[in-house]
Amino acid sequence: MVTGPRIAETLCQLGVTDVVWLPDSLLGTWETALAAEPRLRLLRVCREGEAWALAAGLLIGGRRPLVVVQCTGLFESGDALRNVLFDWRLPMWALVGYRSYLLAGSTDTARRFTEPVLAAWGLDTLLVESDDGLERLAGFFRSCQADGKPGVGLIAEGRG
Amino acid sequence: MNSEKWKVKSEKRMPLIAALEVLLALRRGRIVVTTMGATREWARLSHDPLDFHYLPSAMGHAPLLGLGLALAQPAREVIAFNGDGGMLMGLGGLVTIAAARPANYTLIVLENGIYEVTGGQTTAGSGTVDFAAMGLAAGLTSVREFDDLDTWRQFAAECLAMPSPRMIVLHVEPVGSNYQLPTLEPAAGRLERFCAALAAG
């Protein structure tokens with residue numbers, strides 16, 4: 001499991017300034033750590049599609065935002081993704097909760113479609129199952145930054 | 001007058017361009033985020049480097065993009081336009097804006113009751129939906145509504161000085177059969193110039 005204090009520490013090391021989020025039950029466990037970290041601003045949206053436009057404004061304005069949503073919210077975000085990634089070519093970073101990934105044999109359609117949808121959008125991804133993967137995640141986002149590309153960290157979840 | 005809706009509403013509507021000209025005269029260094037019909041007219045009136053024409057857009061998201069700019073640039077005032085059709089696509093955004101509590105943010109809703117970009121079809125709730133009431137209920141600090149050009153001219157400066165986040169609903173006339181979104185330069189060049197203008201202070 002990826003834990004709040006470790007993810008907050010990792011995001012600060014990456015220079016993330018704003019976390020734009022709509023949590024699920026795993027991502028939600030990070031709330032205390034994210035809210036307590038003075039180097040991060042936690043911004044709450046009502047629907048996941050909003051998060052990309054809000055983050056786009058932050059990025060254009062000179063901040064380093066990170067979108068944090070569950071995969072179901074990624075599905076909801078289609079038109080916003082199309083716009084910020086392809087019309088405006090903004091190198092957005094996101095963490096996406098990968099619901100049911102850890103449940104062997106799960107028939108959850110959220111699990112079934114997460115990776116195909118990300119592939120369809122042409123997004124580079126990295127799967128993280130626990131705090132042990134956060135160093136790789138940091139390297140992945142640094143690589144995205146060097147290439148000026150967007151990137152998505154997939155956070156492995158059980159029931160989400 | 002904070003947290004009160006000051007409603008000046010009838011069946012009247014004001015000409016869109018004249019309503020925008022009032023804002024143009026008052027913008028004084030503000031970032032202006034336009035979208036859809038507002039882009040069409042504002043791009044004709046203004047050629048300021050702090051204009052961000054959010055076109056192509058994800059319809060309904062201009063207020064959120066403007067919110068991001070306001071939070072990233074706290075020393076600048078930001079005006080974000082939205083149409084009523086766009087507003088209906090993202091009513092939750094009003095709550096997101098209110099929750100973020102930007103100190104430098106004004107949302108202008110241009111309400112004409114139709115989807116003008118697609119030929120003038122009626123929006124859901126046209127004539128009955130009350131955006132100003134929604135803004136207040138969402139928690140925006142200052143909300144005003146105008147349907148008369150002279151009254152808008154009289155109070156516009158005062159409205160822009162109200163405590164933020166502000167929402168101003170303007171009832172405007174449709175542009176009509178000549179409606180057509182403008183042809184703008186490619187987004188990449190516009191974005192680069194806008195960022196340069198921000199960096200220049």
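This report describes a predicted model with two chains, A and B, and the place where they meet.

## Confidence

The model scores ipTM 0.97 and pTM 0.95. For chain B the mean pLDDT is 92. In that chain, 93% of the residues reach 70 or more. One stretch is weaker: over residues 1–5 of chain B, pLDDT stays under 50. The model still has eleven contacts for this stretch beyond four places in sequence. Where pLDDT is low, the predicted coordinates should not be read in detail.

## Chain A as a whole

Chain A holds seven helices and six strands. Read from the N terminus, the order of its elements is α-β-α-β-α-β-α-α-β-α-β-α-β. The radius of gyration is 14 Å, close to the 15 Å that the globule rule gives for 160 residues, so chain A is as compact as a globular protein of that length. The C-alpha trace spans about 45 × 35 × 30 Å along its principal axes.

How much of chain A is buried? Buried residues make up 45% of its 160 residues. Contacts in chain A also link distant parts of the sequence. Of those with a separation of 6 or more, 76% join residues 24 or more positions apart.

## Where the chains meet

The contact between the chains takes 25 residues from chain B and 22 residues from chain A. On the chain B side, α3, α5 and α8 each supply at least two residues. Which of the elements gives the most? The answer is α3(B), with eight residues. By class, this side of chain B has 16 nonpolar, nine polar and no charged residues.

## Two helices that cross

Helix α3(B) meets a partner in the other chain, α3(A). Their axes come within 6 Å and cross at roughly 35°. The crossing is right-handed.

From α3(A), the residues in this contact are A:Glu50, A:Ala53, A:Leu54, A:Ala55, A:Ala56, A:Gly57, A:Leu58 and A:Ile60. They meet B:Leu64, B:Leu65, B:Gly66, B:Leu67, B:Gly68, B:Leu69, B:Leu71 and B:Ala72 in α3(B). By class, the contact of α3(A) with α3(B) has twelve nonpolar, three polar and one charged residues.

Why is α3(B) largely enclosed by the rest of the structure? It is because eleven of its eleven residues are buried. The buried set includes B:Ala62 and B:Pro63, as well as B:Ala70. What do the buried residues pack against? One partner is α3 (48–60) of chain A. The others belong to chain B: β2 (31–34), β4 (78–83), α4 (84–89), α5 (92–100) and β5 (105–111).

## Unusual backbone spots

Some places in the backbone deserve a closer look. Two are cis peptide bonds in chain B, and two are positive phi values in residues other than glycine. The table lists them.

| Feature | Residues | Angle |
|---|---|---|
| Cis peptide bond | B:Leu55 and B:Pro56 | omega about 5° |
| Cis peptide bond | B:Ser164 and B:Pro165 | omega about 0° |
| Positive phi | A:Ser100 | phi near 75° |
| Positive phi | B:Met36 | phi near 50° |

Take the cis bonds first. B:Pro56 lies in the loop between β3 (51–53) and α3 (62–72) of chain B. B:Pro165 sits in another loop of chain B, between α7 (149–160) and β9 (166–171).

B:Pro56 also has a proline across from it in space. B:Pro186 and B:Pro56 are 130 residues apart in sequence, yet their C-alpha atoms are 9.5 Å apart. B:Pro186 is found in the loop between β9 and α8 (187–199) of chain B. Is B:Pro186 buried or exposed? It counts as exposed, because it has 8 C-beta neighbours inside 10 Å.

Now the positive phi values. A:Ser100 is in the loop between β4 (93–98) and α6 (109–120) of chain A. A:Ser100 counts as buried because it has 21 C-beta neighbours inside 10 Å. The setting of B:Met36 is a helix, α2 (residues 36–45) of chain B. B:Met36 is buried too, with 23 other C-beta atoms within 10 Å.

Key: Residues numbered from 1 in each chain as written. Chains lettered and ligands numbered in written order. Predicted model: local features only at pLDDT ≥ 70, side-chain atom pairs only at ≥ 80, totals over all residues. Helix = DSSP H or I, 4+ residues; strand = E, 2+ residues; numbered from the N terminus. Buried ≥ 20, exposed ≤ 12 C-beta atoms within 10 Å, placed from the backbone. pLDDT = per-residue confidence, 0-100. Contact = placed C-beta atoms within 7 Å. Nonpolar A, V, L, I, M, F, W, Y, C, P; charged D, E, K, R; others polar. Axes fitted to C-alpha atoms, helices over the stretch in contact; angles between N-to-C directions. Left-handed = near helix turned anticlockwise from the far one by under 90°. Rg over C-alpha atoms; globule rule 2.2 N^0.38 Å.
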